[in-house]
Structure formats: structure tokens, C-alpha cells
Amino acid sequence: MTCSIAPGKIILFGEHFVVKGAPAIGFAVSKYAKVCVEDGYFQVISKQTGNIEQGSVLYRAVKRLITYANSIFKCDEDVRILVDSEIPVGSGMGSSAALSVALAHAYLTHCNASFDKKLVNELAYEAEKEVHSKPSGIDNTLATFGGFLKYRSGVFEKLDIRLGDEVGFLVVNTNLKRQTGIIVEEVLRLYEKYREVLENVYTAASVLVEKALKSLRERDYESIGRLMLLNHGLLWTIGVSHEINDLIVHKLVGKGCYGAKLSGAGRGGIVIGFVNKSLSTRIEEELRSEGFEVFRVNPDYEGVRSVEDN
Ligand code: MEV
């Protein structure tokens with residue numbers, strides 16, 4: 001049996017604005033999807049939900065990846081696939097992409113193929129097309145290569161950013177599920193209606209990302225936190241926050257985070273807090289005692305890799 005893990009992701013700056021050509025920054029996080037491949041008849045089994053039905057999106061995505069791989073090189077298509085993920089589903093953390101990337105890596109390894117991460121990414125992107133109608137490719141690229149990535153109008157740039165071990169992120173899951181496509185459409189309609197006003201907000205979002213890049217490179221934690229708050233304010237302005245997002249941002253900052261913001265599509269989803277690790281246990285415990293679902297993540301700089309089965 002061959003097993004691989006791939007990380008989930010978080011958008012740190014620039015979501016929504018990216019849809020109209022502004023830059024955004026995302027990073028891979030220490031929450032993983034694991035996929036193991038072994039000989040057997042074709043079957044997909046999830047540790048969380050059991051046998052995956054033939055018509056389901058996950059089944060179709062797995063099948064599409066395997067078929068696509070076999071159009072490039074010949075390998076056994078009769079394989080048993082075991083998936084196990086700790087990435088919350090539907091929260092904007094790239095759970096499906098992490099699974100696709102881990103599957104591509106485990107399958108290529110199982111087939112004894114000679115491959116590089118570029119091929120892993122390509123196979124995973126093929127599977128992502130089954131899950132999202134128009135995937136940007138950011139999720140599978142981060143799951144494959146790890147680290148921080150800037151993206152703008154379909155162009156990805158791996159960033160030479162490495163934060164210190166003394167800082168990390170708290171993720172609060174509002175468990176409010178929303179449909180990204182609908183929110184994106186609403187934002188675009190708002191933009192058309194108030195173009196003269198919102199053009200300036202979009203320009204501000206672009207400038208903010210450039211400034212954030214500098215702060216990240218310089219490990220200027222205060223500035224990163226402040227820019228996260230500014231970014232949250234801009235997202236509020238275009239209508240994608242929700243009172244639960246705002247409440248959590250206030251709580252995270254009030255308890256000592258450098259900054260906080262919603263991340264991803266908004267209207268629920270997740271809120272992230274940037275925190276000094278000396279404070280994170282206390283903040284995490286307090287939020288949990290107030291009934292919030294919260295967990296810690298660090299950036300993952302490695303991306304997809306093989307692991308022992310256990
Ligand atoms: C959703 O995770 C990120 C958005 O910017 C949409 C997108 O970029 O496709 C809201």
C-alpha cells in the first residue's frame with residue numbers, strides 16, 4: 001500500500017477582489033488529507049463516511065484522475081483507494097484539492113511512475129474540474145507545492161516567505177455553509193451598481209496585498225495583523241461578512257491576536273486569527289469554552305509527500 005498526504009489551504013489576503021484581477025495570497029496549512037492506494041478492485045473508501053457511492057462527486061473525481069493518468073502512462077486502474085481527511089469540508093480550506101493531490105501522488109507512487117510535482121498538480125487539477133465548475137487552480141497548487149503563493153489572473157508565483165516558529169494561525173469555523181458561486185455573483189453585481197465607489201475599494205485591496213507581501217517577508221507581525229483587519233473591512237464593504245464573522249474577528253483581536261479576518265467566500269465559513277504562539281493556547285481554550293469550533297494551524301512549507309501507512 002502507498003500513502004501520501006497533502007495540505008489544505010487558507011487565503012490570507014485578497015479573496016473576492018482576485019475575481020476582478022486583484023492579487024491574492026494563500027498558504028498551505030498543517031491540516032492534511034491522506035490517500036492510500038493498494039491493489040484490489042476499483043473502490044473508494046472514506047475513513048469518515050465509509051464506502052463512496054458510484055454517482056458521488058468524490059467517486060467521479062477519483063475515477064477522472066485515474067483515467068486521465070492512464071491516458072499519460074499505463075498503470076493498473078483496478079485499485080482500492082482509501083481516503084482520510086482532517087480538513088473541514090465546505091469551509092474554503094481546499095479539502096477536495098488536498099484529496100486530489102494526495103491521490104495523484106499516491107497513485108503515481110503506486111504505479112512506480114517517474115514523476116515530478118508538476119504532474120501531480122496536473123492530475124489533481126483534472127479531478128478538481130469534476131468538483132468545481134471553474135477551479136482557479138490555487139487550491140491544488142498550494143496542496144502540491146506548499147508554502148505561500150501569490151496569484152493574479154491565473155498566474156501563480158511561489159513566494160519566498162517563511163514565518164517564524166513563534167507565530168501561527170487560529171481558525172474558527174462558523175459552520176455556516178454558503179455557496180461560493182452565489183456570493184461571488186452578488187459581489188460582482190454590487191460592483192457594477194456602485195462601480196465609481198467600489199473601483200477605489202478594489203484598488204485599495206490590490207495595494208493592500210503588495211504591502212502585505214512586504215510585511216510577510218520582513219516578518220512584521222504587527223503590520224500583517226493590521227493589514228488583515230483592513231482586508232476584513234474591505235470584505236465587509238463589498239458585503240461578504242456576516243455578524244458571526246465580525247464577532248469572531250473582534251473576539252480574536254480582543255484576546256490578543258495581531259489581526260483577524262474572514263477567509264474565503266465569507267458569509268460564515270472560517271475566520272482566521274494571526275497569533276503569537278505564547279497566547280494561542282489561552283485564546284483557543286477561551287473560544288472553545290464560549291462554544292466556538294477552533295483549531296490551530298501552521299504554514300506547511302513542503303506540500304504533498306509520501307507517508308507510512310498506519
Ligand atoms: C473562495 O474561496 C475565494 C473567492 O475569491 C472565489 C474565487 O477566487 O474563486 C471568493
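This short talk goes through how the two domains of this protein chain meet, and then turns to the annotated regions and one salt bridge.

Please keep in mind throughout that this is a predicted model, so what I describe are values computed from predicted coordinates. The domain assignment divides the protein chain into domain 1, residues 2-162, and domain 2, residues 167-297. Where they touch, 31 residues from domain 1 and 40 residues from domain 2 take part in the contact. The centres of the two domains, taken over C-alpha atoms, are separated by 25 Å.

Let me stay with that interface for a moment. The size of an interface is often given as the accessible area lost when the parts come together. Here domain 1 and domain 2 bury about 2,900 Å² between them, and 70% of that area is on carbon and sulfur atoms. Which three residues of domain 1 supply more of the area it buries against domain 2 than any other three? They are Phe13, His16 and Phe17, which together account for 27% of the area on the domain 1 side.

There is a polar side to this interface as well, with 11 residue pairs in polar contact between the domains, counting pairs in which both residues are at pLDDT 80 or more. As for the elements on the side of domain 1 that touches domain 2, those giving two or more residues are strand S1 (2-13), strand S2 (24-39) and strand S6 (148-152). Of these, S2 brings the largest share, 6 residues. If we sort the domain 1 residues on that side by character, we find 18 nonpolar, 6 polar and 7 charged.

Between the two domains I also have a count of 3 salt bridges. Lys150 and Glu210 form a salt bridge in which the closest N and O atoms are 3.1 Å apart.

Now to the annotations, both of which come from an unreviewed UniProt entry. UniProt lists "domain: GHMP kinase N-terminal" at residues 58-147, a stretch that is 60% helix and 8% strand in the model, with its end C-alpha atoms 26 Å apart. The feature "domain: GHMP kinase C-terminal" is placed by UniProt at residues 212-290, and that span is 61% helix and 15% strand, its end C-alpha atoms lying 31 Å apart.

Finally, the overall salt bridge count comes to 22. One of them joins Arg64 to Glu130, with the closest N and O atoms 2.9 Å apart. Arg64 sits in helix H1 (residues 57-72) and Glu130 in helix H3 (residues 117-131), so this pair ties together parts that are 66 residues apart in sequence.

How values were computed:
Residues numbered from 1 in each chain as written. Predicted model: local features only at pLDDT ≥ 70, side-chain atom pairs only at ≥ 80, totals over all residues. Heavy atoms only, no water. Domains from an automatic or database assignment. Contact = heavy atoms within 4.5 Å. Buried area = accessible area lost by both parts, 1.4 Å probe. Salt bridge = Lys/Arg side-chain N within 4 Å of Asp/Glu carboxyl O. Polar contact = N/O pair within 3.5 Å; in protein donor to acceptor, adjacent residues only side chain to side chain. Helix = DSSP H or I, 4+ residues; strand = E, 2+ residues; numbered from the N terminus. Nonpolar A, V, L, I, M, F, W, Y, C, P; charged D, E, K, R; others polar. UniProt positions renumbered as here; feature names shortened; annotations may be inferred.
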